[in-house]
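Welcome! Take a moment to turn the model around and find your bearings. The tour below begins at a metal site and then widens out.

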Amino acid sequence: MEKLKILFQNNESWVESKISLDPAYFRKLARDQNPDYLWIGCSDSRVPANEIVGLEPGELLVHRNVANICPHTDFNCLSVLEFAVNVLNVRHIIVCGHYGCGGVQSAMKNHHLGLVDNWLRHIRDVYARFKDELDAIESEKARCSRLVELNVIQQVLNVCHTTIVQEAWQRGQFLCIHGWVYDLQSGKLKDLNCCISSVDQVDSIYRVRSPKH
Ligand code: CO
């Protein structure tokens with residue numbers, strides 16, 4: 001229990017440090033949230049979304065899960081996406097993976113881990129799609145890093161394939177989806193330059209048109 005006590009002490013110090021800079025800090029923050037960005041990242045404790053991009057509470061809506069996956073059947077991720085796009089009107093959605101991702105590493109092995117195998121199947125599907133490219137990479141570490149990147153690109157597409165994002169584009173809402181990778185070794189972000197901001201960039205089989213438009 002001693003360990004948990006220190007968390008409450010940390011909390012007290014944090015509150016004090018915020019209030020010393022601005023006595024109304026929490027009152028202002030409690031009023032509303034108006035973030036411009038949605039972050040879809042990995043749950044990994046070494047990838048703290050707000051800190052990496054230097055954003056304060058209230059500036060970044062965050063959804064994290066094992067290996068930053070956004071499948072069209074995951075109501076958890078879709079609910080966050082819907083809230084971000086339809087209610088908060090975020091302008092940018094960032095899917096951010098990270099090199100050395102345990103989820104991606106596990107997906108490359110054939111071990112049975114449990115329930116999570118079903119979740120990691122999404123990454124195996126990405127591997128299967130790019131098997132020739134990935135199998136040609138000799139180093140296991142480099143192969144895993146490339147799969148981390150390909151998984152991010154696939155999840156960017158998955159976000160764009162949702163009715164949520166496509167309906168937003170149809171009503172003329174500005175919405176740009178980005179794919180980034182975080183490097184644990186250097187702390188730096190890498191932009192994969194797979195940015196999508198209109199339905200023209202989406203494969204026609206995944207396009208959905210609302211009957212109202
Ligand atoms: Co990870």
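This is a predicted model, and a good place to start is its cobalt ion. Three protein atoms serve as donors to the cobalt ion: SG of Cys42, NE2 of His98 and SG of Cys101, at 2.1 to 2.3 Å from the metal. Along the sequence, these donor residues follow the spacing C-x55-H-x2-C. Cys42 sits in strand β1 (residues 37-42) and His98 in strand β3 (residues 92-98), so this pair ties together parts of the chain that are 56 residues apart in sequence. Both Cys42 and His98 are buried.

Asp44 is worth a look here too. Asp44 belongs to the loop between β1 and α3 (49-52), and counts as buried at 15% relative accessibility. Setting aside neighbours within four places in sequence, Asp44 is in contact with Arg64 and with the cobalt donor His98.

**The cysteines**

How many disulfides does the model have? The count comes to 0. In general, a disulfide is a covalent bond between the sulfur atoms of two cysteines. Cys144 is in no disulfide, and the nearest cysteine sulfur, which belongs to Cys101, is 7.4 Å away. Cys144 is buried, with a relative accessible area of 6%. For Cys160, the closest cysteine sulfur is in Cys176, at 8.7 Å; a disulfide needs the two sulfur atoms within 2.5 Å, so this pair is too far apart for a bond. Cys160 also counts as buried, at 0% relative accessibility.

**The whole chain**

Stepping back, the protein chain contains 9 helices and 5 strands. Reading along the sequence gives the pattern α-α-β-α-β-α-β-α-α-α-α-α-β-β. The C-alpha trace spans about 55 × 50 × 30 Å along its principal axes. Of the 213 residues in the protein chain, 38% are buried. The accessible surface of the chain is about 12700 Å², and carbon and sulfur atoms account for 53% of that area. Contacts also reach along the sequence: among those between residues at least 6 apart, 63% join residues at least 24 apart.

**A patch on the surface**

Which residues make the nonpolar surface patch of about 420 Å²? They are Leu4, Ile6, Leu7 and Phe8. Leu4 is found in helix α1 (residues 2-21), and is partly exposed, with a relative accessible area of 45%.

**Two loop residues with positive phi**

Finally, have a look at Ala67 and Asn89. Each has a positive phi although it is a residue other than glycine. Ala67 counts as buried, whereas Asn89 is partly exposed. The table sets out their values.

| Residue | Phi | Place | Relative accessible area |
|---|---|---|---|
| Ala67 | near 65° | loop between β2 (60-65) and α4 (75-87) | 0% |
| Asn89 | near 55° | loop between α4 and β3 | 42% |

To retrace the route, you could go back to strand β3, which holds the cobalt donor His98. The loop that carries Asn89 runs between α4 and that strand, β3. From His98 you can also pick out its contact with Asp44, in the loop between β1 and α3.

Terms used. Residues are numbered from 1 along each chain as its sequence is written. This is a predicted model: local features need pLDDT of at least 70, side-chain atom pairs count only at pLDDT 80 or more; totals for chains, interfaces and linings use all residues. Side-chain values use heavy atoms; hydrogens and water are left out. Donors are N, O and S atoms within 2.8 Å of the metal (3.2 Å for Na, K and Ca); water is not among the atoms, so sites may look incomplete. Helices (H or I, at least four residues) and strands (E, at least two) are DSSP runs, numbered from the N terminus. Buried means under 20% relative accessible area, exposed over 50%, partly exposed in between (1.4 Å probe, protein chains only). Patches are made of residues with over 30% relative accessible area and no salt bridge: like charges are joined within 9 Å, nonpolar side chains (Val, Leu, Ile, Met, Phe, Trp, Tyr) within 5 Å. Accessible areas come from the Shrake-Rupley method with a 1.4 Å probe; for residues, only the protein chains shown count as cover. A salt bridge is a side-chain nitrogen of Lys or Arg within 4 Å of a carboxyl oxygen of Asp or Glu. Contact means heavy atoms within 4.5 Å.
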